[in-house]
Amino acid sequence: MIQDAPRSLTVLGATGSIGASTLDLVRRAPESFQVEALTAHRSAEQLAEAAKAVGAKLAVVADPAAYDTLKQALSGSGVEAAAGVEAVVEAAERPADFVMSAIVGAAGLAPTLAAVRRGAVIGLANKETLVCAGALFKREVERAGATLLPVDSEHNAIFQVLDRDRPEGVEKIILTASGGPFRSWERDAMSRVTPEQAVAHPNWSMGAKISVDSATMMNKGLEVIEAAYLFDQPRDRIEVLVHPQSVVHSMVAYVDGSVLAQLGAPDMRTPIAYSLAWPARMHAPVERLDLGKIGQLTFEAPDEVRFPALRLAREALATGAGAPSVLNAANEIAVAAFLNRELDFLGIADVVESTLERLAGRSIPDLDSVLALDHEARRLAQEAQAR
């Protein structure tokens with residue numbers, strides 16, 4: 001990575017899997033980065049350890065109850081401590097060149113928008129920002145002159161091979177999906193899936209919620225919605241293709257019959273490194289791709305009968321307005337209930353569909369209305385999963 005001066009960096013969600021991988025890369029190239037701020041929800045001791053390791057100026061926990069633990073853990077380090085949701089937003093507003101948005105869920109909306117509004121370069125790993133408020137978010141990006149770099153491996157792959165200067169040449173974009181751990185299971189067997197089975201992804205190391213989303217294929221549905229906003233593509237030009245090896249991370253098909261793909265080992269440090277160093281590249285300590293050793297790559301169409309979450313996401317995108325936000329909120333509630341053994345695996349999609357039927361038509365002209373709809377969808381989803 002070649003640049004004139006170190007890049008200043010803030011990581012929102014520093015203790016999650018994306019945040020931890022980001023800081024792993026930062027620690028390997030200390031001359032290239034200066035860390036402005038790190039945030040976490042309530043993992044105060046882990047956050048303090050990370051902040052001290054990278055020399056952050058500020059560490060913030062969203063949960064005020066964790067403040068005393070954070071302050072004590074940072075005592076004598078010179079790292080400032082703060083707590084509360086507003087403090088997380090203020091961390092995003094500090095003058096860092098690059099902000100990694102890696103807070104999971106709707107909690108990432110306000111701080112990510114705060115970073116956008118000051119024109120920062122955003123590494124977007126929080127898919128809910130676009131799913132819940134895609135049109136609003138894109139307007140703010142354009143107004144502020146912010147730069148949006150997708151970190152999800154699929155969208156990052158598309159970003160690398162998409163000819164953004166000549167969009168008329170694009171025929172479609174193709175998101176690849178691993179298919180998750182239950183790709184070949186019969187639907188009856190899927191009704192007995194346990195949380196332990198659902199979080200055991202065959203290729204990727206991810207958090208529990210994202211792993212369950214991969215297992216239901218909701219993760220891919222959310223990515224279809226993201227792609228529509230990120231790349232200004234209509235829904236009929238966004239396809240999903242199951243690719244169990246997770247080597248081809250996504251593709252772009254062009255009108256002349258060419259298909260361009262980005263390939264690599266399934267390690268999130270590759271798209272994170274691309275985003276951190278953009279428009280240059282930096283070294284990432286990932287396994288190098290050996291296609292001769294892999295031998296073959298296979299592809300198949302997704303089954304929307306066994307995996308209805310993908311269909312629900314497409315329907316929410318078609319409905320527009322607040323439907324994607326409802327989809328996301330209901331899914332978060334349903335996945336949490338499944339992980340707590342309060343809902344069976346197939347019930348996740350049932351709760352989402354029930355909530356969509358009741359709320360899909362709501363409009364979301366501003367962030368307050370997005371948050372209000374998110375709250376209402378969560379309430380109705382909780383009612384649905386308790387039945």
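**Salt bridges in the predicted model**

In this predicted model, aspartate 188 and arginine 192 pair up through their side chains in a salt bridge, with an N to O distance of 3.2 Å. Both partners sit out in the open: aspartate 188 has a relative accessibility of 54% and counts as exposed, and arginine 192, at 55%, is exposed too.

A buried pair turns up elsewhere. The side chains of lysine 209 and glutamate 128 form a salt bridge at 3.9 Å, N to O. This one ties together distant parts of the chain, since lysine 209 belongs to helix α10 (residues 208-216) and glutamate 128 to helix α6 (residues 128-144), with the two positions 81 residues apart in the numbering. Lysine 209 has a relative accessible area of 16%, so it falls under the 20% cut-off and is buried. Glutamate 128 is buried as well, with a value of just 4%.

Then there is the bridge between arginine 358 and glutamate 383, where the closest N and O atoms lie 3.8 Å apart. Here again distant parts of the chain are linked: arginine 358 is in helix α16 (residues 347-359) and glutamate 383 is in helix α17 (residues 367-386), the two being 25 residues apart. As for accessibility, arginine 358 is partly exposed at 47%, and glutamate 383 is likewise partly exposed, at 33%.

Salt bridges also join up into a network, one that takes in Asp24, Arg28, Asp267 and Arg269. Overall, the count for the model comes to 29 salt bridges.

Key
Residues are numbered from 1 along each chain as its sequence is written. This is a predicted model: local features need pLDDT of at least 70, side-chain atom pairs count only at pLDDT 80 or more; totals for chains, interfaces and linings use all residues. Side-chain values use heavy atoms; hydrogens and water are left out. A salt bridge is a side-chain nitrogen of Lys or Arg within 4 Å of a carboxyl oxygen of Asp or Glu. Helices (H or I, at least four residues) and strands (E, at least two) are DSSP runs, numbered from the N terminus. Buried means under 20% relative accessible area, exposed over 50%, partly exposed in between (1.4 Å probe, protein chains only).
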